[in-house]
Amino acid sequence: MKPSAVAWSFACALAAVVAGAGCTTAPPPPNHTSEAPPPRPTLRLFVLSTLAGGLEPCGCTKTQLGGVDKLAAHLVAQRAGAAKGMLVAAGPLWFVDPAIKPERKVQDGAKADALADALREMSLVAWAPGANDWAAGAAEFERLAKKSGAKPLAANVQAPALAASTLETAGWLKVGILGLSDPKTQVGKYPDGVTVSGDVLAAARREIASLRQQGAHVLVALAALPRGEALRLADELPELGVLVLGKPAAAGEINDHQADPMLVGSTLVVEAANHAQTVSVVDIYAVEGDKAPLVLADTGVARAVAIANLARRENTLDAQIDNWERSGSVDPKDLAARKQEQKALAAERKALEAEVPPAPAQSFFRYGFAEVKESMGREPHVRERLVAYYRQVNEHNKAAFAGSLPPAVMQGEAGYLGVEACSSCHPGARRVWDGTPHAQAYVTLQTEFKEYNLDCVSCHVTGYGRPGGSTVTVNDTLRGVQCEECHGPGSLHAARPDKERLITRSPDLGRCAASCHHPPHVAEFDPKLMVDRILGPGHGK
């Protein structure tokens, strides 16, 4: 069997395992010369998927992934390893939701501005937009695109500022990049001023023909489409070297895992985790004498999948170990066993990463991905821009929401009093609370210019948005996670301390933790394990 047929058969088998379906595309004919591939990548393609307002994680735990300042630092370091680096994306960039609530208009707009500046710093080349990108209207879509310096591409969509494709160069290598999108919200509505062609495949074929006429050696498609529809395109378009996937629309802050890469025919399909938790990397080693469009040989997709699986297991253990260490209540032997398991997984992953497959005698790709972590460092210019965003939002919201009151307490219902009122009868509980992270929850926001940030404050004050509780600006007596956050509003109890059922004496741990201690803020959180951190003499012991 010829080497190209072997590679195609392996790709088909891998796609069948990962996708649950066989390949239908015939293997492309050999198109390579006897020239040797270059010693380092001709092009290093960095890939983001469904950024969707993911400026950075909240910072509640050390194991969180994401942060555009860390991503920027990583790109600076990694670009040096290739002749040329390009950053592309698929799916929404600017906003977390397809619609912006009126009270969030300024803050979400400021975040989109900060993202645009960060992406310009990272030299984003192009992206396939999703519905969220039009959340602030067509004019704002165009302004943000210009501010970022990136080209919004969607060959099947008609809207101001959109292009169908772009031809980029990496030395002698011409890279044709086309975009495809179905920017429909979850309720089936397209943004105002956006018209979508129903025949995505025809639009893709038309643009591929145009890029080939312009001499493109490698074809890259950015697809903000439902995953199944995008994979069918890969089956129909064997000329594609790389297909980048992102969501057509996104909603909410929940994080997705890094998707495993797959081969459909000779097309590599990649999708990074949303909110810039990861960046996928495709290194293309192009032989100048190979016929266009280049058929890139696979050198280790199965290995990359194995590495990703190990990384996921490591992350689960990271979160569990972090929670166990913070709880202080786990048997040291159990904690040591988990750390040993984590160490073994890390060693197995590093051994796999060190096994670099041999280079074939033709153009080929290597695939990898990186989790965006604190260890990457922070690019100073992008970090400075993030801090400016937090300061700007803090100043605006402090003024804009000044005097914003919580709902009124209905007659016969309880309102919030604050920890000082509780302390007069419960001094022991107060002493315990003073030594917990809950007591410092609001202070942590103040040190980072986030105390008026709508994304943050609700989990750092007591009774947020509840009758007689707190708001983003009205919270002086309710700062921090106080007694009443779990025990309930205490005004009726304070007036009649002898009467039963006016206060929750033994809170449901799952209920009182559920509003904040959940992904993406905290992973693997066990309230029964962590409760000892807030208990002590006079408070539960």
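Q: What makes the length of helix α3 (residues 105-121) agree with the expected span?
A: Helices here are DSSP runs of H or I with at least four residues, and strands are E runs of at least two, numbered from the N terminus. The expected span is 1.5 Å times one less than the number of residues. For the 17 residues of α3 that gives 24 Å, and its end C-alpha atoms are 24 Å apart, so the two agree.

A word on the source: this is a predicted model, in which local features need pLDDT of at least 70, side-chain atom pairs count only at pLDDT 80 or more, and totals for chains, interfaces and linings use all residues. Residues are numbered from 1 along each chain as its sequence is written, and side-chain values use heavy atoms, leaving out hydrogens and water.

Q: What makes α3 mostly covered?
A: Twelve of its 17 residues are buried, where buried means under 20% relative accessible area, exposed over 50%, and partly exposed in between (1.4 Å probe, protein chains only). Among the buried ones are Asp-108, Gly-109, Leu-115 and Leu-119. What covers them includes β1 (43-49), α2 (68-79) and α9 (380-400), with contact meaning heavy atoms within 4.5 Å.

Q: Which helices do the buried residues of α9 pack against?
A: They pack against α2 and α3. The buried residues of α9 include Val-382, Leu-386, Tyr-389 and Val-393.

Q: Why is Asp-182 called buried or exposed?
A: Its relative accessible area is 13%. That falls under the 20% limit, so Asp-182 is buried. Asp-182 lies in the loop between β7 (173-181) and β8 (195-196), and it touches Tyr-190, Val-196, Ala-224, Leu-225 and Pro-248, not counting residues up to four places away in sequence.

Q: Why does Ala-494 count as partly exposed?
A: Its relative accessibility is 46%, which lies between 20% and 50%, so the label is partly exposed. You will find Ala-494 in helix α14 (residues 491-495).

Q: How do you know whether α7 and α8 are roughly parallel or antiparallel to each other?
A: Helix α7 (residues 301-327) and helix α8 (residues 332-354) pack at an angle of about 155 degrees, with their axes 9 Å apart. Axes are lines fitted to C-alpha atoms, for helices over the stretch in contact, and angles run from 0 to 180 degrees between N-to-C directions. Under 35 degrees counts as roughly parallel, over 145 as roughly antiparallel, 65 to 115 as roughly perpendicular and the rest as oblique. The angle is over 145, and therefore α7 and α8 are roughly antiparallel.
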